[in-house]
Every structure is written in structure tokens, then in C-alpha cells.
Amino acid sequence: MNPDRRPLMAANWKMHKTVTEAVSLVESLQKETGPCADREVLIAPPFTALKAVSDVMKQKGYCLGAQNCHWEEKGAFTGEISTAMLKDLCCTYVIVGHSERRQLFGETDETVRLKGAAAIKAGLAPVVCVGEVLEARERGETFEVIARQIEGALKGLSEEQMAGVVIAYEPVWAIGTGRTASPEQAQEVHAFIRGRVSSLFGKTIEKNVRILYGGSVKPSNIDALMAEPDIDGALVGGASLEVGSFKSLVQFNF
Ligand code: PEP
């Protein structure tokens, strides 16, 4: 296994879990999975639970992330959260450009780029989400959309800055719908993304960048997805909200 591509199982809790619920879930998960040496577990609770989750996160292999950030360091941006605030709470990752933020909150490739760059500057690893809507897939435009999102989000970064970036391919038609991309469909797009990354940043980054799959990942499909050569982990919504299902994902078979 390439150590730079240690599998990453990321839990995106979205707008779920009070502080008490979040602490209880992360404590149970850590107890159930035990230490994770050959894989990494990322928990991204709502902002309100970051501190409490950080305080109880002790298990080897576990790390903390936020679901969003603002790109400015500080200022009059009511309701926004800076990367320094996230660092202060022991976050090491931040998700940027999730399709729900693109579709519901007007996020664009340019704001995703700004957020990713701000995260890297602050020492956080951005998890940059890309993915096509169903109509684009049906029109045969998947690769065009993904290429535009990848270039839009990553342009201007140096090879060194790219070293910490994680990419998540999340076909919008598969998020929260129960309709997963087949391992072959996911692999095809992951290989395409790796190719785009290679032409933008060179062979070393191509070899080392982690590309997660997201979209109705569940215990019944994780092993087949993770068996694909360019799938390095999963970004999980629904199935990350229960101990039993997320534990099964964390403990997928190589
Ligand atoms: C997500 O929120 O990124 C996601 C993939 O959700 P779900 O696993 O519920 O499809």
C-alpha cells in the first residue's frame, strides 16, 4: 500500500447531532473500532459539536474535520467560520465544495478554490468535492463537468500545496438517494480525475493524491468500491450517523 494513500473513511454528519449525541456517537465508534493503524477515520460533525468531539477523540487513526469554512482570515462575515477557528479546535481537515453547498448555498468553483487555498494556507487538508448532476451524466457530460470542477478548484496551487489535498468524487445523483455508482462507474471517474491531476501537477501528485468516493456508500457496497485501484476511501453521509453501519465501513476488507 502506498502510505500516502492510506484509506480514509470520512463521516459527513451534515446538520445532524446535538453536542450530546455527537459525543456519544464518537465515543461508541472509537470503542467499537479500536485503534485504526492502516486506515484513517475522519469525523466531520456540525461546527457546534467540534470542540466537544475534539475533547473526546483519542483513538489512533481518528481525526477531526469541519464541513465548511470561509476563505477570509477574519472580518465582518456574519455567520461564517475561519480556518484559524477550525485549527484552534484541532481540526486537520475541512470539506469544501460539497454538492449541497453548491446547490443550496450558491457555492461556485471559484469559492471552492478560495476555500481550498485558505485551508491549505492555515495548515488544514481540504477535502475538495466534485460531482456531476444526473442530467449531465445522461447527456454524456460527466468528464467535462469533472474536469471543469477539478481545474476550477485546484488552479493556482503548487505541487507542494497539492500534497495535502484530498479529492472526493460524489456524483450528485448518488448522494442520499440510495443509488450508488457501480464500482466500475466510480473507478472510471476516479481514473479520469487522477489523470487530470497528473496533467496539472505531475506524476508524484498523481501517484499520491487520495480520491474518495461518496454517494450512498453502505456496508453492502464498501468492499467492492474499495477494491477499485483508484478509490482511496469514502465520504459518507447517511451511513455515518449510526455506530453499526459506520463501524462496518471503517472495517472494510482490503
Ligand atoms: C455526502 O453527504 O457526502 C454523502 C455522500 O451522503 P450519502 O452517503 O448519504 O449519500
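## Helix pairs and a bound ligand

Helices α7 and α9 are oblique to each other, because their angle falls outside the ranges called roughly parallel (under 35 degrees), roughly antiparallel (over 145) and roughly perpendicular (65 to 115). This is a predicted model, in which local features need pLDDT of at least 70 and side-chain atom pairs count only at pLDDT 80 or more, while totals for chains, interfaces and linings use all residues. Residues are numbered from 1 along each chain as its sequence is written, and side-chain values use heavy atoms, with hydrogens and water left out.

### How the helices pack

Let us stay with that opening pair for a moment. Helix α9 covers residues 183-201, and helices here are DSSP runs (H or I, at least four residues; strands are E, at least two) numbered from the N terminus. The α7 and α9 axes, lines fitted to C-alpha atoms over the stretch in contact, are 10 Å apart and make an angle of about 40° (on a scale from 0 to 180 degrees between N-to-C directions). The crossing of α7 and α9 is right-handed (the near helix is turned clockwise from the far one by less than a right angle).

Helix α7 (residues 142-154) also has α5 (residues 109-122) as a partner, with axes that come within 7 Å and cross at roughly 40°. That makes α5 and α7 oblique to each other too, and their crossing is right-handed.

Elsewhere, α1 (residues 19-33) packs with α12 (residues 243-250), with an angle of about 45° between them and their axes 10 Å apart. As a result, α1 is oblique to α12. The crossing of α1 and α12 is right-handed.

### The loop before α1

Between β1 (8-12) and α1 runs a loop that holds lysine 14. Lysine 17 is found in the loop between β1 and α1 as well. Most residues other than glycine have a negative phi. Lysine 14, though not a glycine, has a positive phi of about 50°, and lysine 17, also not a glycine, has a positive phi of about 85°.

### Around the ligand

Lysine 14 returns here, as one of the closest of the 14 residues that surround the ligand (each with a heavy atom within 4 Å); the closest also include Glu170, Gly176, Ser216 and Gly237. The shell divides into four nonpolar, eight polar (Gly among them) and two charged residues (Asp, Glu, Lys and Arg count as charged).

The table gives polar side-chain atoms and their distances from an oxygen atom of the ligand.

| Residue | Distance to ligand oxygen |
|---|---|
| Lysine 14 | 2.6 Å |
| Histidine 98 | 2.9 Å |
| Glutamate 170 | 2.6 Å |

Taken alone, the ligand exposes 290 Å² (Shrake-Rupley method, 1.4 Å probe), and the protein buries 95% of that.

Conventions. Polar contact = N/O pair within 3.5 Å; in protein donor to acceptor, adjacent residues only side chain to side chain.
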